[in-house]
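Student: I should like to examine how the terms applied to this model are justified. Please set each value against its criterion.

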Amino acid sequence: MAIVGTDHTVMLVQDIEAGITTYRDHLGLELSHQVEHTEAGISQAFFALADGTFLELIAPAGDNSRFDQVLNDNGEGYTCWRWRWTTWMRVLPRCSSNRCN
């Protein structure tokens with residue numbers, strides 16, 4: 001097994017619609033699709049990047065999302081990235097934190 005590249009980067013935002021506006025209208029990225037996972041307590045938005053990777057925004061959704069506390073503790077911004085492996089994907093969170101799990 002070997003790392004062959006980056007699959008995608010995850011950014012945590014407080015509000016998914018405001019995040020979409022920022023990344024689409026101010027940074028020029030094209031929204032690929034958006035998903036609501038209320039049972040998991042998250043909203044997601046995906047932006048395809050020119051190099052074949054993508055940027056994923058995650059925002060809390062519903063009551064008591066586990067990401068509410070992460071936002072309170074750390075604020076918005078970079079959360080983690082996923083490596084592309086020769087055999088499967090693994091998550092490598094920033095600074096060995098557990099923010100993506």
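Student: With which residues is Leu55 in contact, leaving aside its neighbours within four places in sequence?

Tutor: In this predicted model, Leu55 is in contact with Thr9, Met11, Tyr23, Leu29, Ala45, Phe46, Phe47 and Leu49. The word applies because heavy atoms lie within 4.5 Å.

Student: What makes the set that includes Leu55 a nonpolar core?

Tutor: The largest nonpolar core has 11 residues: Met11, Val13, Ile16, Ile20, Tyr23, Leu29, Ala45, Phe47, Leu55, Leu57 and Ala59. They are called a core because they are buried residues of the listed nonpolar kinds, joined through side-chain atoms within 4.5 Å. Helix α1 (16–26), β3 and β4 each supply at least two residues of this core. Apart from it lies another core, of 8 residues, which includes Val10, Ile58, Phe67 and Cys80.

Student: Why is Glu56 called buried or exposed?

Tutor: Glu56 has a relative accessible area of 7%. The limit for buried is under 20%, so Glu56 is buried. Its place is in strand β4. Not counting residues up to four places away in sequence, Glu56 touches His8, Thr9, Val10, Met11, Gln44, Ala45 and Phe46.

Student: What makes the approach of Glu56 and Gln44 a polar contact?

Tutor: The side chains of Glu56 and Gln44 are joined at 2.5 Å. The criterion asks for N or O atoms within 3.5 Å, one able to donate a hydrogen and the other to accept it, so the term polar contact applies to this pair.

Student: How do you know that β3 pairs with β4, and in which sense?

Tutor: There are 7 bridges joining β3 to strand β4 (residues 54–60), and the two run antiparallel. Pairing requires at least two bridges, so the strands count as paired. Within this arrangement, Ile42 stands opposite Pro60 in β4. The hairpin of β3 and β4 has 5 residues between the strands, and Gly52 there takes a positive phi near 90°.

Student: What supports the pairing of β2 with β3?

Tutor: Strand β2 (residues 31–37) and β3 pair over 6 bridges in the antiparallel sense. The requirement of at least two bridges is therefore met. His37 stands opposite Ile42 in β3. These strands also form a hairpin, with 4 residues between them, and Gly41 in the turn has a positive phi of about 80°.

Student: What makes β3 a mostly covered strand?

Tutor: Of the 7 residues of β3 (residues 42–48), 6 are buried. Each of those 6 therefore has under 20% relative accessible area. For the protein chain, 37% of the 101 residues count as buried.

Student: Why is the meeting of Arg24 and Asp25 called a salt bridge?

Tutor: The side chains of Arg24 and Asp25 meet at 2.7 Å, N to O. The cut-off is 4 Å between a side-chain nitrogen of Lys or Arg and a carboxyl oxygen of Asp or Glu, so the pair qualifies as a salt bridge. Side chains of opposite charge can pair when their charged atoms come close. The structure holds 1 salt bridge.

Student: What class of exposure do Arg24 and Asp25 receive, and why?

Tutor: Arg24 has 35% relative accessibility, and Asp25 has a relative accessible area of 48%. Buried means under 20% and exposed means over 50%; Arg24 is therefore partly exposed, and Asp25 is likewise partly exposed.

Methods:
Residues are numbered from 1 along each chain as its sequence is written. This is a predicted model: local features need pLDDT of at least 70, side-chain atom pairs count only at pLDDT 80 or more; totals for chains, interfaces and linings use all residues. Side-chain values use heavy atoms; hydrogens and water are left out. Buried means under 20% relative accessible area, exposed over 50%, partly exposed in between (1.4 Å probe, protein chains only).
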